[in-house]
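The exercises below are meant to be worked through with the sequence and the model side by side. Try each task before reading its solution.

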Amino acid sequence: MPISNLEIKKLPKSQMEITGEIPADIFEQSYLEAFAEFSKKIEIPGFRPGHAPERTVLERAGEHAIVERAAQIALEKAYPEIIKESKIDAIGHPQIAITKIARGNPLGFKATTAVLPEISLSDWRALAKIKMSEKIEIFVSDKEVEEAFGYMQKSKNRPQIADEELKNSIRQNLQLDKEMRAKEARRMAALDEVAKKASIEIPDILIEGEKNKMLAELKSSISQFGLKWADYLSHIKKTEEELVAGWNNDAEKRSRYGLILRQIANQEKIEPAPAELDEYVSQIILREPENERSKIDKGRVQDYAYGILRNEKVFQLFEQS
């Protein structure tokens, strides 16, 4: 769609301002679409829907309402094309203001949208190597083994194996658990080191989105413990708004981490193989109760799985640094 007087300007906080005009002839086409919509939905005695005279429809609906709907139709078509042709990495919904609107004239608009921020990374390989090379001593004490062994003795599901064999198994499992925790700690320390040296201006919409994710995660966790959300809020003596308001720093950090992992993945052309992605999606779906699987949004699961697998591959690069 041709847009006249198109201007794109960078704003603070990773935002873009897009101004321009939709030509009068294209706006007129949108007006005709809007008029047809109103004509079909307005009930006028003596006329079938969509067959009332133009003057009667205008009297009932009001020309201003039809023109406003025409502007909405025109912009819904134009905005995605502008974003695509201008190669703008827009995120979220734009704020659009009409600057000029009249039938028979170009439609003027101004759109403000958040965009994926530009990221300046230092030598992330060198920074990651510093943290990944730090050794974390892993030690399983006899006390830990005995405590776990004592718990197993009391358990109704205690394995029917010799005590020493069970203790060796416990020790191995504790060792593996500590190794996994140490691995995760090194990875996060490396990512944090890279993040400290990165230059990123994070848009508010990403931080708010991350807070919404954190809220959903907490609600899910509370539900799994068999607790009600209202009871939990009452226990901590906070409203939901007060709770979420205290997450700004954590949400900003999570957003920063996610953007850095995405940037490195793009630079290194990292992405999971289709077969790998399909397998992981299947695993996620199979974790759900069988009667719930048909309700799952597979597209959302696929996006989630793609992000998890891609991030894992970036962390593996950290470990190879």
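**Exercise 1. Locate Thr 112, decide whether it is buried or exposed, and list what it touches.**

Step 1. Thr 112 sits in strand E4, which covers residues 107–115; helices (H or I, at least four residues) and strands (E, at least two) are DSSP runs, numbered from the N terminus. The model is a predicted one, in which local features need pLDDT of at least 70 and side-chain atom pairs count only at pLDDT 80 or more, while totals for chains, interfaces and linings use all residues. Residues are numbered from 1 along each chain as its sequence is written, and side-chain values use heavy atoms, with hydrogens and water left out.

Step 2. With a relative accessible area of 17%, Thr 112 is buried, given that buried means under 20% relative accessible area, exposed over 50%, and partly exposed in between (1.4 Å probe, protein chains only).

Step 3. Not counting residues up to four places away in sequence, Thr 112 touches Leu 11, Gln 15, Met 16, Glu 17, Pro 94 and Gln 95, where contact means heavy atoms within 4.5 Å.

**Exercise 2. Work out in which order the strands of the open sheet lie, and how they pair.**

Step 1. The open sheet is formed by 4 strands in the order E1-E2-E4-E3, with antiparallel pairing; two strands pair if DSSP finds at least two bridges between them.

Step 2. Strand E1 (4–11) and strand E3 (90–100) are the edge strands, each pairing on one side only.

Step 3. E1 and E2 are joined in the antiparallel sense over 6 bridges, and Ser 4 stands opposite Glu 21 in E2. The hairpin of E1 and E2 has 3 residues between the strands, and in this hairpin Lys 13 takes a positive phi near 60 degrees.

Step 4. Strand E2 (residues 15–22) also pairs with E4 in the antiparallel sense, over 8 bridges, and here Gly 20 stands opposite Phe 109 in E4.

**Exercise 3. Describe the surroundings of Phe 109 in strand E4.**

Step 1. Phe 109 counts as buried because its relative accessibility is 3%.

Step 2. Leaving aside neighbours within four places in sequence, Phe 109 is in contact with a set of residues that includes Ile 3, Ile 18, Gly 20, Leu 75, Ile 82 and Ile 98.

Step 3. The C-alpha atoms of Phe 109 and Lys 219, which are 110 residues apart along the chain, are separated by 40 Å.

**Exercise 4. Find which residues have the most contacts inside the largest nonpolar core, and which helix gives the most to it.**

Step 1. A nonpolar core is a set of buried Ala, Val, Leu, Ile, Met, Phe, Trp, Tyr and Cys residues joined through side-chain atoms within 4.5 Å. The largest one has 34 residues, and Leu 121, Ile 260 and Phe 318 have the most contacts inside it.

Step 2. Among the helices that each supply at least two residues of this core are helix H6 (163–196), helix H10 (248–267) and helix H12 (298–320). H10 gives the most, with 7 residues.

Step 3. Ile 260, leaving aside its neighbours within four places in sequence, is in contact with residues including Ile 119, Leu 121, Leu 191 and Val 194.

Step 4. Apart from this core lies another, of 31 residues, among them Ala 34, Ile 44, Ala 52 and Ala 61.
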